[in-house]
Amino acid sequence: MASNKNHSSLSRNCNGITRRNCLQFGLTAAIGAGFTDLLKLRSDAGEKAAHLPVKAKSCILIWLDGGPTHYETFDPKPNAPTEIRGEFFPIATKVPGVQFSEHMTKLAEMADKISIVRSIRHNQGNHGAGNHYMMTGAPPRIPVGCGAFVSFHPSLGAVAAHDRGHQNGLPAYFSIPSMSRSGGPNFLGAKYAPFVVPDNPNSSSFRVRDVALPRGLKDDRFANRKDLRTIVDQLPRFENKASADPARSLDENYTQSYDLISSPAAQKAFDISSEEDAVRDRYGRTSFGQRALLGRRLVEAGVPFITLYEGGWDHHSDLFKTCKKRLPEVDNTVATLIQDLEERGLLDETLVVMLGEFGRTPKINERGGRDHWANAMSVLMAGAGIPGGTIVGATDRQGYSAVDRVLSPENFASTIYRKLGIDPNQLLYTPQGRPAHLVSDPTPITELMG
Amino acid sequence: MMRFLLSVCLFLAFLLPNVSGSFALGEDGSNPVPPSIDFQRDIQPVLTRFGCNSGPCHGKQRGQNGFQLSLLGFDSDFDHNALTKQSRGRRISLTRPTASLLLSKPSGKSPHGGGVRLPVDSPGYKLLLDWINAGAPRSVPNTPELEKITVAPNEKTFGHGEQQQLKVTASYSDGSTRDVTGLTVFQSNETPISAVDEDGLVTAGQITGEAAIMARYAGNFSIFTASVPLPGETGQPASIAGDHPVDQLVSKTLVRLGLDSSEVAPDHKFLRRVYIDIIGRIPTLEEAQKFLDSDDSNKRGVLVDQLLANPEYAEHWANKWADLLRPNPYHVGIKATRNYDEWIREAFRKNQPYDEFVRELITAKGSTFRNGNATFFRNRRKPDELTTIVSQLFLGIRLECAKCHHHPFEVYGQKDFYSFAAYFAKVGRKGTGISAPISGSEEFIYNKNSGSVRHPLTNEVLSPKPIFGEAPEIPEGADPRDSLAAWMTSPDNHYFAQTMVNRIWTDLMKIGLVNPVDDLRATNPASNPELLKHLGDEFVSNKFDIKKLIRHIVLSKTYSLSSIPTDRNAVDNRYFSRHYRQRLRAEVLLDSVIQITQVPETFSAMAPNSRAKELWTHRIGSLFLDAYGRPDPNQDPPCERVSDPTVVQTLHLMNSENLFKKVTSDKGWAAELAKSDIAPAEIVKKMYLAIYSRYPNDKELDIGVNLYENEESDRRLISEDLMWALMNTPEFVFKD
């Protein structure tokens with residue numbers, strides 16, 4: 001529970017996600033969910049889900065962890081009382097009558113290419129729970145606290161990976177530079193966990209650790225070793241999937257690892273230094289900027305789902321000071337990403353989404369911050385046939401609550417799935433054979449479906 | 001009487017159901033005088049049942065749209081006040097009851113963020129209306145108090161898909177009872193095994209196992225246990241027959257669930273398991289050979305005793321405890337962290353009884369530069385922080401919730417939390433406190449004889465009180481922590497012993513009897529409660545001797561079972577009908593790699609040739625340990641360890657520069673074997689013994705020898721590649 005008393009420990013928990021790629025954390029017993037009979041699952045899914053027209057080949061999900069403020073980004077309330085409207089002023093955008101907050105200048109100039117959904121609301125005011133709801137389209141089953149890292153349902157990225165499979169040896173789901181909370185595969189199995197690239201592409205020595213062969217190991221010797229490994233590996237595997245044999249997850253990991261190591265597409269995508277300086281400068285010479293550029297390179301390599309995780313949006317205090325610094329960077333990088341994708345003819349087949357787990361409280365608190373607020377939030381969507389210039393829904397005059405076209409995280413998740421050609425109404429099966437609807441309400445946001 | 005009760009029941013549907021004994025009745029039995037409605041007894045359950053006071057709604061701190069209720073209705077005075085006094089009386093209008101916001105909002109007559117919860121024609125709505133008509137009283141004089149609730153039945157064995165309706169009865173102080181099923185909140189801890197709907201109808205799933213279904217009404221709990229056995233016939237689990245109590249108790253559960261036990265594992269599996277579990281590494285080539293070649297019929301018991309006496313035992317088990325206690329040196333300073341680590345290790349070196357270990361920690365005094373345990377109180381500085389960590393670590397009781405509100409799945413409230421915290425009110429600190437960024441100074445912990453803890457709401461000064469039972473009196477001038485430690489570590493405190501045995505069981509068997517390992521409560525029961533009790537009692541009767549407890553468990557047949565499932569136990573992942581494969585812990589794996597390659601790891605801030613299990617802080621850099629999921633030192637408390645295999649780990653084991661260098665080093669074992677004149681067959685045997693702890697079978701031997709005898713082969717490269725290949729298989733990476 002959020003409270004003033006434990007603010008400092010709260011924000012530490014709230015932003016502190018392990019730098020490693022924790023595969024699966026859960027409050028429920030995760031026993032048995034570690035491995036899935038993948039072929040069975042795929043064929044089940046295939047039987048039941050008619051494939052939908054694919055608009056988006058890829059999705060880049062920009063996750064501003066902590067819950068970015070809707071007031072200071074895309075939903076300014078200039079007519080609200082001072083203690084609500086805050087320090088920033090609204091600015092006009094390319095779309096007549098639509099205003100953004102003052103630091104979103106570049107996105108305002110391209111407002112005719114993007115859409116903002118202002119009316120998603122839900123009921124999960126803790127980070128752990130809000131992350132889960134927005135990242136999976138399913139509410140957490142039991143109360144979940146702020147510091148928690150939970151998984152009850154597969155995430156958007158894991159489902160995309162499950163649907164597409166990996167291509168060109170590249171993992172189908174990247175999370176950069178760390179996994180987002182609830183961004184895991186849950187019952188789909190470790191194969192669909194995100195591949196995490198913790199290394200900083202803004203560093204001159206950037207290379208994706210352990211994907212390149214160690215210096216001194218030649219390709220043909222590596223191939224011999226690979227064969228030898230298969231021969232000496234004699235440990236029996238348990239066929240019954242209910243036995244949850246972890247050795248089978250290990251097998252999946254070796255398969256994925258070999259694919260990745262031997263993939264020319266992967267090596268090319270990771271070689272960010274081959275990008276022209278001017279392009280790198282445009283994205284911004286920050287780790288976030290260069291990660292977005294890496295994201296675009298992965299889209300070019302055919303990766304279906306990329307999460308760009310950017311922490312530190314839990315502004316319980318000093319919101320305006322921090323936003324003055326960070327919003328222009330985000331505005332520049334995201335605007336550049338969308339523009340660059342368009343210039344390369346990729347925007348029509350790439351869905352770009354930016355959000356966090358919830359919005360922030362109307363009243364500015366005594367520490368100059370805003371607290372958690374799940375009754376209103378703003379979500380940016382662009383590309384993949386999203387009609388530019390569309391503002392979906394509205395909050396009330398003071399930004400308390402979504403009031404017009406009230407939408408749920410289920411509608412949000414269904415929109416992403418439909419864009420990717422994945423049927424949100426399909427049934428998936430857990431390793432125990434329990435059916436689970438991908439999204440309980442499979443209705444997408446119709447205004448965005450084009 | 002019964003007929004009348006039935007009519008009341010129908011009249012109020014499920015909401016104000018059977019009332020016996022305490023209310024006046026109408027003369028003809030059909031037109032009852034409305035029973036007097038008590039806020040706490042009658043109204044609160046409605047607010048709870050329909051989610052009004054739940055965390056996402058008005059129960060959250062600061063409420064919803066200015067209207068706040070206590071979470072799950074644990075503070076009736078607060079809630080009554082919020083309804084009747086605040087908001088200028090708009091929430092309840094005694095003059096026009098139906099205009100009360102309490103009715104118009106949840107019935108959908110006024111806009112309500114939470115949607116329609118109580119339609120106008122619902123019994124709940126009617127009850128609220130009756131209560132307002134009666135003047136919305138806080139309490140009715142002489143209202144009997146709720147003493148307990150009971151769910152009936154309280155256990156049942158189900159076939160797949162079978163159903164059972166639960167009935168919940170509340171008992172009051174005047175001896176009266178009520179059926180409160182309709183106002184009870186139900187929750188299953190294992191929905192796939194047995195699900196429960198909101199009306200208390202239980203449906204068994206398709207999965208074999210046992211589920212606990214919690215019924216919660218007005219802060220009281222009752223548990224229904226659903227057993228869903230595997231269909232079909234099975235005999236006694238033969239491989240664990242015998243007189244070891246662990247085997248007998250495991251057997252009992254298996255029989256109840258229709259599960260079979262796997263075969264007993266061969267010697268080499270047992271050998272590898274006990275080395276990994278007791279001293280934190282695989283056996284060396286010589287150690288493996290000696291055990292496998294021995295004809296001693298009691299060789300398993302002898303080996304276990306040798307390992308328990310091995311100095312590496314202490315480093316391995318201290319490393320596990322360091323996970324739980326270890327502070328961030330950037331927070332408390334390097335010297336304090338180092339001393340603390342040494343104190344923990346010393347306790348395991350001398351096999352200090354666990355109760356004594358905990359008493360010394362809880363009552364630590366003196367300099368953080370001299371007494372390592374004093375660092376505990378440098379790291380955790382406030383009574384509330386100490387309360388949370390002490391109760392969770394040593395008692396398996398998670399009090400964190402009760403810090404801010406009543407615990408939703410437990411009987412503990414804020415008063416319990418802060419009364420417990422009062423034991424730490426007088427912890428004094430002298431010297432230099434936490435001073436970022438290095439905090440390198442010395443600090444002294446002492447009993448300062450003053451200081452108190454207040455209830456955050458009532459501001460009442462609370463005297464120290466344990467969360468259950470009775471603690472020794474605190475003599476004038478004495479350190480309250482002495483009394484606390486005596487109460488905590490008492491042989492009568494089952495939570496204390498059982499929390500520790502559950503930790504050790506989890507370390508040895510992969511899955512706890514209770515999961516999560518430190519969450520012991522009635523609403524989260526053990527998968528085998530009798531076994532947990534037995535182990536706890538055994539631990540107490542052996543004077544909290546950790547080595548004896550480990551010995552007791554690893555010499556059971558249950559521990560020695562094969563991981564290979566039978567037709568009748570493949571579905572089991574928590575009742576111990578077979579051994580569960582487990583990826584080696586980061587430090588175990590790295591130390592084993594060092595042992596095999598014979599190339600030591602260079603750790604900063606450690607002596608040469610140190611092992612990973614000897615590291616005194618997770619701050620000591622190691623990409624290997626990071627990849628294999630050691631806790632993140634930046635998190636407070638540190639994130640749990642990652643125990644699943646991941647692609648990152650696989651890539652690291654295959655491709656990291658560091659491991660490549662170890663395997664190919666001129667000073668390494670592969671080079672040494674290649675240079676020697678040992679025949680290929682012997683080299684292959686040695687490799688298998690050193691890496692898999694077993695001899696190769698004929699086929700494996702053939703394959704290995706062929707590698708060497710190929711004309712173009714280079715002994716050195718073959719040795720390196722074989723070593724690499726064996727280490728990159730599940731037989732090496734898992735404890736099987």
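Is Ser693(B) buried or exposed? Ser693(B) is buried, with 27 other C-beta atoms within 10 Å. The close-up views below are taken from a predicted model.

**View 1. Ser693(B) and Gln598(B), two residues of chain B with positive phi.** Most residues other than glycine have a negative phi. Ser693(B) is not a glycine, yet its phi is near 60°. Ser693(B) sits in the loop between α27 (680-692) and α28 (698-709) of chain B. Gln598(B), also not a glycine, has a positive phi of about 60°. The loop that holds Gln598(B) runs between α22 (586-597) and α23 (623-627) of chain B. Around Gln598(B) there are 15 other C-beta atoms within 10 Å, so this residue is partly exposed. For Ser693(B) the count is 27, and that residue is therefore buried; the cut-off for a buried residue is 20 or more.

**View 2. The cis peptide bond before Pro177(A).** Most peptide bonds are trans. The bond from Ile176(A) to Pro177(A) is cis, with omega near 0°. Pro177(A) belongs to the loop between β5 (173-176) and β6 (195-196) of chain A.

**View 3. The cis peptide bond before Pro516(B).** Asn515(B) and Pro516(B) are joined by a cis peptide bond with an omega of about -5°. In chain B, Pro516(B) is placed in the loop between α19 (494-509) and α20 (529-541).

**View 4. The largest nonpolar core, with 245 residues.** The members that touch the most others are Cys59(A), Ala160(A), Val353(A) and Leu726(B). Helix α12 (residues 319-343) of chain A gives the largest share of this core, nine residues. Domain 3 (313-488) and domain 4 (586-735) of chain B both contribute residues, so the core lies between them.

**View 5. Contacts of Val353(A).** Leaving aside residues up to four places away in sequence, Val353(A) touches Cys59(A), Leu61(A) and Ile62(A). Val353(A) also touches Val379(A), Leu380(A), Met381(A) and Ile416(A). Apart from the core of this view lies another core, of 43 residues, including Phe39(B), Cys57(B), Leu69(B) and Ala136(B).

**View 6. An open sheet of three strands in chain B.** The strand order is β1-β4-β5, and the pairing is antiparallel. At the edges are β1 (146-152) and β5 (177-179) of chain B, each of which pairs on one side only. From one strand to the next, the twist averages 25°. Strand β4 (residues 167-172) of chain B is joined to β5(B) by three bridges, and these two strands run antiparallel. Which residue in β5(B) is the bridge partner of Ala170(B)? The partner is Arg178(B).

**View 7. The two chains as context for the close-ups.** Chain A has 13 helices and 16 strands. Of its 450 residues, 57% count as buried. Among contacts in chain A with a separation of 6 or more, 73% are between residues 24 or more positions apart. Chain B contains 30 helices and 17 strands, and buried residues make up 49% of its 736 residues. In chain B, 62% of the contacts between residues at least 6 apart in sequence join residues at least 24 apart. The C-alpha trace of chain B spans about 105 × 70 × 50 Å along its principal axes.

Methods:
Residues are numbered from 1 along each chain as its sequence is written. Chains are lettered from A and ligands numbered from 1 in the order in which they are written. This is a predicted model: local features need pLDDT of at least 70, side-chain atom pairs count only at pLDDT 80 or more; totals for chains, interfaces and linings use all residues. Helices (H or I, at least four residues) and strands (E, at least two) are DSSP runs, numbered from the N terminus. A residue is buried if 20 or more other C-beta atoms lie within 10 Å of its own, exposed if 12 or fewer, and partly exposed in between; C-beta atoms are placed from the backbone. A nonpolar core is a set of buried Ala, Val, Leu, Ile, Met, Phe, Trp, Tyr and Cys residues joined through C-beta atoms within 7 Å. Domain bounds come from an automatic or database domain assignment. Two residues are in contact if their C-beta atoms, placed from the backbone, lie within 7 Å. Two strands pair if DSSP finds at least two bridges between them. Axes are lines fitted to C-alpha atoms, for helices over the stretch in contact, and angles run from 0 to 180 degrees between N-to-C directions.
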